[in-house]
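Good morning, colleagues. Please have the sequence and the model open in front of you as I speak.

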Amino acid sequence: ENDVKAEVVKFEKSAIRDFKLKLKEVKDFSKIWSSKGTMSKMNVSVWAGDLDSSILKQNRIKICLGHYAHPNFAKPGHKGFFSSASKNTLKQFARLEKKFTLEIKDGGHWGIGGYG
């Protein structure tokens, strides 16, 4: 029932020729939700990666790729996550310690002064 129409945007390949993509580790997180107080059998939390930015890095942007589910109430990568874990749990969840996001850098522009 909504009459929303998608608009096609055309651009030249030269507009993105200086773009560089990198996976960047997320250093800090904001809690979105946790199962604390829900009488759930598991302790689970959901986190958003903080996409830090700098005035000196105006030619790059970090893209949120989604939220991170975590099998504990502590922030992802927090030392407290492994403090009471068994060896099997450590092996199973060790891959969850680091989280990443996508950074796009426009090498055709300087960090200060913008695109004007």
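I shall speak about the strands, then the salt bridges, and lastly a patch on the surface. Please bear in mind throughout that this is a predicted model.

Let me begin with the sheet. Three strands form an open sheet, and their order is β2-β3-β5 with antiparallel pairing. The edges are β2 and β5, each of which pairs on one side only. From one strand to the next, the twist averages 30 degrees.

Let us now take the two pairings in turn. Strands β2 and β3 are joined in the antiparallel sense over five bridges. On the other side, β3, which covers residues 45-49, is joined to β5 by three bridges, again antiparallel. Val 46 is a useful residue to locate on your screens. Its bridge partner in β5 is Ala 69, and Trp 33 stands opposite Val 46 as well. The neighbouring pair to find is Ser 45 with His 70, the latter being its bridge partner in β5.

How enclosed is β3 by the rest of the structure? Four of its five residues are buried, so β3 is largely enclosed.

Between β2 and β3 there is a loop, and Ser 35 lies in that loop. Is Ser 35 buried or exposed? Its relative accessible area is 6%, and because the cut-off for buried is under 20%, Ser 35 counts as buried. Leaving aside residues up to four places away in sequence, Ser 35 touches Ser 40, Met 42, Asn 43, Val 44 and Phe 73.

I turn now to the salt bridges. A search of the whole structure finds four of them, and I shall describe several.

Consider Lys 75 and Asp 28. Their closest N and O atoms are 2.9 Å apart in a salt bridge. This pair links distant parts of the chain, with Lys 75 in the loop between β5 and α1, Asp 28 in the loop between β1 and β2, and 47 residues separating the two. Lys 75 is partly exposed, with a relative accessible area of 33%; Asp 28 is likewise partly exposed, at 33%.

Next, Arg 60 and Glu 103 form a salt bridge in which the closest N and O atoms are 4.0 Å apart. Which parts of the chain does this pair tie together? Arg 60 lies in strand β4, residues 60-63, and Glu 103 in strand β6, residues 100-106, so the pair ties together parts that are 43 residues apart in sequence. As to their surroundings, Arg 60 counts as partly exposed at 24% relative accessibility, whereas Glu 103, at 6%, counts as buried.

A further salt bridge joins the side chains of Arg 17 and Asp 18, with an N to O distance of 3.9 Å. Arg 17 is exposed, its relative accessible area being 61%, while Asp 18 is partly exposed at 30%.

Finally, the surface patch. Phe 11, Ile 16 and Phe 19 make a nonpolar surface patch of about 300 Å². Of these residues, Ile 16 lies in the segment before β1, the strand that covers residues 19-25. With 39% relative accessibility, Ile 16 counts as partly exposed.

To close, I would ask you to keep two items in view: β3, with four of its five residues buried, and the salt bridge between Arg 60 in β4 and Glu 103 in β6. Thank you for your attention.

Definitions and conventions. Residues numbered from 1 in each chain as written. Predicted model: local features only at pLDDT ≥ 70, side-chain atom pairs only at ≥ 80, totals over all residues. Heavy atoms only, no water. Patch = residues over 30% accessible without salt bridge, like charges linked within 9 Å, V, L, I, M, F, W, Y side chains within 5 Å. Areas by Shrake-Rupley, 256 points an atom, 1.4 Å probe, with all protein chains shown as cover. Buried < 20%, exposed > 50% of the residue type's maximum accessible area, 1.4 Å probe, protein only. Pairing = 2+ DSSP bridges. Axes fitted to C-alpha atoms, helices over the stretch in contact; angles between N-to-C directions. Contact = heavy atoms within 4.5 Å.
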